[in-house]
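Subject: Structure handover

Hello,

Here is the structure we discussed. Please open it alongside this email.

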Amino acid sequence: MRHQAGGAETAGSPDPVDVRIAGRLAELRAERGWSLGELAERSGVSRSTLSRAERAEVSPTASQLNRLCHVYGRTMSRLLSEVEAEPAPLVRADEQSLWEDRAAGFVRRSVSPPHPALRGELVEGQLAVGADIAYDRPPVAGLEQHIWVLEGALDVTADDTGHHLGAGDCLRLRVWGPTRFRCAGDAEARYVLAVVLP
């Protein structure tokens, strides 16, 4: 399953996954009794973007979705799993959710079978040459991450400390503040991200 971020569908009806994400985002806001203005203040995402995202007129970018996950106390994988069907214990490679932020050059594959009650998950990330993604906060404070580079080179910055990772290198960290992932070579970077909720 693949869907893209950063804009409305160009032809036909919106992507079904975008529609389910839009519905879930609207539910989460309603559960808290927040107006669009309150959510905009809490997330730093504009009111108009939030409104359009909740109506599936646009798909949020990776950065915007991360901000919303932070506000709602969820990882991105948990949010995406909440819009899927009943979770299965096995997900075949061709059935794993693929999410793409084309503008940023980022592709994210949810490898782990989704389940909202589990604390750990595996994600595969791909960054195109020159791709640079910055998150201003973790989706959940204190999130534990293990970043294992499979191909290429990756520069990771967390808490103002930079780390250069080559193929085979693995970095473990707890995320409390801003992070940045940058493809550091002349080929795409492919890595596994193991995420553990605190």
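Below are notes on a helix, a sheet and some salt bridges.

Please keep in mind that this is a predicted model.

Helix H2

H2 spans residues 36–43. Its buried residues are Leu-36, Leu-39, Ala-40 and Ser-43. These four lie on the same side of H2, because they cover an arc of only 105 degrees around the axis. What do the buried residues of H2 pack against? They meet three helices: H1 (16–32), H3 (47–54) and H4 (62–72). Gly-44 comes after H2. Its phi is positive, near 80 degrees.

The sheet

Four strands make an open sheet. The order is S5-S10-S7-S8, and the pairing is antiparallel. S5 (132–135) and S8 (161–165) are the edge strands, each pairing on one side only. From one strand to the next, the twist averages 10 degrees.

Look at S7 and S10 in particular. S7 covers residues 154–158 and S10 covers residues 179–183. Five bridges link the two strands in the antiparallel sense. To find your place, start at Val-156: its bridge partner in S10 is Phe-181. In general, strands of a sheet pair through backbone hydrogen bonds, either parallel or antiparallel.

Salt bridges

How many salt bridges does the structure hold? The count is 15. Three are worth a look.

- Arg-137 and Asp-136: the closest N and O atoms are 3.0 Å apart. Arg-137 has a relative accessible area of 18%, so it counts as buried. Asp-136, at 30%, is partly exposed.
- Arg-24 and Glu-31: the closest N and O atoms are 3.3 Å apart. Arg-24 is buried, because its relative accessible area is 12%. Glu-31 has 52% relative accessibility and therefore counts as exposed.
- Arg-52 and Glu-57: their side chains meet at 3.3 Å, N to O. Arg-52 is partly exposed at 37% relative accessibility. Glu-57 is also partly exposed, with a relative accessible area of 30%.

The Arg-24 to Glu-31 bridge deserves a second view. Which residues do shared partners join into one network? They are Arg-24, Glu-27, Glu-31 and Arg-32. Within this network, Arg-24 is buried, whereas Glu-31 is exposed.

For a quick tour, begin with the buried side of H2 and its contacts with H1, H3 and H4. Then go to the S7 and S10 pair. Finish at the network that includes Arg-24 and Glu-31.

Best wishes

Technical notes: Residues numbered from 1 in each chain as written. Predicted model: local features only at pLDDT ≥ 70, side-chain atom pairs only at ≥ 80, totals over all residues. Heavy atoms only, no water. Salt bridge = Lys/Arg side-chain N within 4 Å of Asp/Glu carboxyl O. Buried < 20%, exposed > 50% of the residue type's maximum accessible area, 1.4 Å probe, protein only. Arc of directions from axis to C-beta. Contact = heavy atoms within 4.5 Å. Pairing = 2+ DSSP bridges. Axes fitted to C-alpha atoms, helices over the stretch in contact; angles between N-to-C directions.
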